[in-house]
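The exercises below are meant to be worked with the sequence and the 3D view side by side. Each one sets a task and then goes through a solution step by step.

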Amino acid sequence: MRRVLVTVLILGGVAGILTALLIVTANDLRGVRGSSECSMSPPGDIRRMAKLVVDNADVAAPVLTSTTVVTVSRRSPLVQGLFRGRAHSAYRQSMGCLLRLGKNEWRWWERRESVPTVVVKDDAVVISDTAYTDVESLGEQMQSEHAGACWIPGEYTSERPSGLVSCEADVTFGPWTLRSPGTGHWYFELDTSVNAPWDEVILELPNGWLRAPAPLPRSSSPERSVWRNPSAPVVFGLLPDMDARGAIAMSAHPARSLRVILVNGWDLVPLILALAWTRTRVRGVRRPPPSDGDGHPDPAPDIHRQERRARDTVEARRRRRWRAGLRIRFLIVPCVVTALATAAVVAHEWLGPGMSEGDAEFVYWLITTGVLLAAGVLVMWAGRLRLRLVLPVMIVVAGMYAGVGVSERLVPVGEEDLIFPDELPLLPWSTPVLIVAGLLLTLLLLIAALNGIRLAWRPGGEAAPPPWVWWLATLGAVLTVVYACYASARERSWAGWLSYDEGFIGQVNWDLVWLPYNVVWWLAGGGLLWIWPLAYLTALLRAQAAARAVPGLPLWHSLAGEPLEVARLAGRRRRIVLWVFAATAFTFSDFYGGLWLPVTITTGAAALWLILRLSRSRVLGLRRLDDGQLLLGTLGHEQLAQAYQRAREFLGARRKGRLSDSEREGPPEGLERQFDELRRWPPGQDLRLPPDITPLHLALLAGPRPADRSHLTTDLAWRTGLLTLSLGSLPMLYLLWWDLRADGGLMNLRWISGLAYPSYVLWELLFWFVPGYLLGLLWRELPGRTGPIRSLPLSGAYATGVAAYWALSEIMDLADVTGMLLRTLLLFAVLTTAGLITDVRTLQQVITPWSRVGRFLMDVYRLESFPSQATFVLAQLAAVLAIIQFVRGQGGEPQYPSIDPFQVPRGPG
């Protein structure tokens, strides 16, 4: 109860603070309405430059960048308002006249990193404005311009039929007006005015896209055209290439429905596969009837035996129900939630063209809210929250959203401003109600999601959420809603330098009304809910590894001569390992010219399977002793100390032999007999190691001593997972910073990004943890004799998946793969370093405490003469560089004498 009261106080305080800040911001932006008429300026006082850049290289879909630079003389009457601040009407009047020619509407599809800059240079004031947009935003705005059925000019008939609007919807972006008739062409026209002509117009396009420019540019090249003092409005057409047209077509109705189905369909495929691979067949076991000592049936079976069988049957049935419940909670529930979210988006795609924009938005809001209620109840049930306590809170949250959203449809025409007012005092309850509803909704879903992750990782744990889950969910809910309010208010505040008739509080409320829709996608679209099946399958692998480590059986590999049913179970384990690796390392689908295809995840999983299949002969643990016993089965917890002892004696004997060789003496007496004794394994049996395996290799195969003898394999997996996570913390922070910088920085993200980035951080943590965990789990079954070599299958499989994406990106000129290549190199470095550190920890168990680990490590890796080898390699490299310089200089004197390895001066001639 104390926890609940503290949470209520925190949420109430956050709601009050946010409401007060929004009121203060609204008051700062209030009272700036004015006339959109622009005053006349003498000719020559205003010089204007417009630049449009269409970028299709190294991006998934074309990106448009508009830059407008206006240079105003200090004599112009519009200059005075530029220095009065954004909250002043004169500032907005001057900005609107100079940048928008009096068109002061707010455009949600335009993104900016900052408000327009104002700089004083000599006798002029320079105003610069840069806006960005993408094809999807423009396509969505075009679709909203003609939400119903429309007519395409020149298609079927040359005249527009009655009752149909033209599909040539106009979308304004910066000073440009875009018209698209739906045939793949884009038509741009530059806004102009008699009072504000353009002095310079610059157009940068991909090669071959420009069509029919009018008037003709002053200068042009395949990718750049320039107009100077054009006498007429600049008009031109664009015909994107095939890849860009595919991306544009898939971002518009009705193809966008196919894209949504593909994206979420590929998300459902891994879950369906996981369901199939974790299904267990229950077959009755035919037991022989009780018999007496002579083999005859016993007419009076033992009553205790029957009772024991009955108890075993009840226990087996209970465990089957328990496993079925886990599969329902952690595999089927994410599948159902993803299907519900997909159905909601597809419904919106097909409802929009059949009704007006307002009705479509309202119906879609009802659908998404209903989907949220159904998905929320499922998630909270799967997260083991008490529904009798949670369900009333969900009903209250739904009532809060309904009170604000549905009431918009119940007011008379002309009085809609009473619901979403331009000024807060007209309706003071809308903003705090929506903030409280968002906090409660996000809090409950976060508690359920985090508790579900905990239960999926430890299925036998206590169902009630522990305190850390509660407080972490509270922190996440506060940060999510605070950032949503901040980003929404920031976008409206930045748009305030142009907007005269947009209500600040009303627009923020409108974004908060759509919070349930984004929460559904946050959970279903690869967010927190997808960690459930990953944690469940990893826990399943951990249990299988612990059970098979006791008799010394492999987890990945199958043994020759196994029954068919046992071989099928081994195949399922292999597929689960591939699922865990691929789902963590790759996205479920990738963007290729408008389509989403599972290329990297399929290629990476297939590469890991192929590498481990082809390298089976290199696995030391699968080698057999003389009696056919697996070497893996001789490395139990009881044999570890003896393996370390024999490796220590082996290192001492080998160093003694090398010392006698260096002194040109014969081998010490009894050295060969000592080596022969050290090769006897396991202890107490007259068996020997294979000829190419030494006691040192055996110790490195066993790995470091576990802290708990009952978790021989899983302890190593947990250690290596934490090790790769700690080693990858700096690369993770750098990659996250890189992504944030590419999106404009932490303070410049869109308001819905505050919901998705926490899950991105969690997936980044898993990206660096899971490969290390699998490295430890499969340590004794990976090929190689040392740790860095054992890590190569995992890093090589990831590199193969990235190479497949890189090849298609180069062919189709798609998104930049620099980040993925950098991630590949960093993962390779982290995994090899983790393997090296694991070997060092093993050597610390082998050698005496006062010995130097580095010296023995060089001996293990066969780098005893590393200084001399490095000197030789550097000398050869210097000679190669000298030859290259000699060839480039056409036989003359090298320009850089320092590359001469001998530094021998030469005379002329």
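**Exercise 1. Locate Thr 634, decide whether it is buried or exposed, and find what its side chain contacts.**

Step 1. Begin with the loop that runs between helix H15 (599-614) and helix H16 (640-662), where Thr 634 is found; keep in mind throughout that this is a predicted model.

Step 2. Buried means under 20% relative accessible area, and Thr 634, at 2% relative accessibility, therefore counts as buried.

Step 3. Follow the side chain of Thr 634 to the backbone oxygen of Leu 631, which it reaches at 2.7 Å, and then to the side chain of Trp 681, with which it makes a polar contact of 2.9 Å.

**Exercise 2. Find which peptide bonds with Pro 682 and Pro 215 are cis, and say where these prolines lie.**

Step 1. Stay with Trp 681, the partner of Thr 634 in the polar contact, and look at the bond that joins Trp 681 to Pro 682, which is a cis peptide bond with omega of about 0°.

Step 2. Pro 682 has its place in the loop between helix H17 (671-678) and helix H18 (695-702).

Step 3. Turn next to the peptide bond from Ala 214 to Pro 215, which is also cis, with omega near -10°; Pro 215 lies in the loop between strand E11 (210-214) and strand E12 (219-221).

**Exercise 3. Work out how many residues of H18 are buried, and what follows H18.**

Step 1. Go through the buried residues of the helix, which are Pro 695, Leu 696, His 697, Leu 698, Ala 699, Leu 700, Leu 701 and Ala 702.

Step 2. These make eight of the eight residues of H18, so the helix is largely enclosed by the rest of the structure.

Step 3. Move on past the end of H18 to Gly 703, whose phi is positive, near 85°.

**Exercise 4. For Asn 229 and Arg 384, state the phi value, the loop and the degree of exposure.**

Step 1. Asn 229, which lies in the loop between strand E13 (224-228) and strand E14 (235-238), has a phi near 50°, a positive value in a residue other than glycine.

Step 2. With a relative accessible area of 55%, Asn 229 is exposed.

Step 3. Arg 384 is found in the loop between helix H7 (357-382) and helix H8 (387-405), and its phi, near 65°, is again positive in a residue other than glycine; with a relative accessible area of 39%, Arg 384 is partly exposed.

**Exercise 5. Identify the residues of the positive surface patch and of the nonpolar surface patch, and place a member of each in its helix.**

Step 1. The positive patch is formed by Arg 305, Arg 308, Arg 309 and Arg 311, and of these, Arg 305 has its place in helix H6 (residues 303-351), where it is partly exposed, with a relative accessible area of 31%.

Step 2. The nonpolar patch, of about 600 Å², is made by Ile 328, Ile 332, Val 336, Val 377, Trp 381, Leu 387, Leu 391 and Ile 395, and H6, H7 and H8 each supply at least two of its residues.

Step 3. Ile 332 lies in helix H6 and, at 33% relative accessibility, counts as partly exposed.

Technical notes
Residues are numbered from 1 along each chain as its sequence is written. This is a predicted model: local features need pLDDT of at least 70, side-chain atom pairs count only at pLDDT 80 or more; totals for chains, interfaces and linings use all residues. Side-chain values use heavy atoms; hydrogens and water are left out. Patches are made of residues with over 30% relative accessible area and no salt bridge: like charges are joined within 9 Å, nonpolar side chains (Val, Leu, Ile, Met, Phe, Trp, Tyr) within 5 Å. Accessible areas come from the Shrake-Rupley method with a 1.4 Å probe; for residues, only the protein chains shown count as cover. A salt bridge is a side-chain nitrogen of Lys or Arg within 4 Å of a carboxyl oxygen of Asp or Glu. Lys and Arg count as positive and Asp and Glu as negative; His and the chain ends are not counted. The place of a charge is taken as NZ of Lys, CZ of Arg, CG of Asp or CD of Glu. Helices (H or I, at least four residues) and strands (E, at least two) are DSSP runs, numbered from the N terminus. Buried means under 20% relative accessible area, exposed over 50%, partly exposed in between (1.4 Å probe, protein chains only). A polar contact is a pair of N or O atoms within 3.5 Å; within protein, one must be able to donate a hydrogen and the other to accept it, and residues adjacent in sequence count only if both atoms are side-chain atoms.
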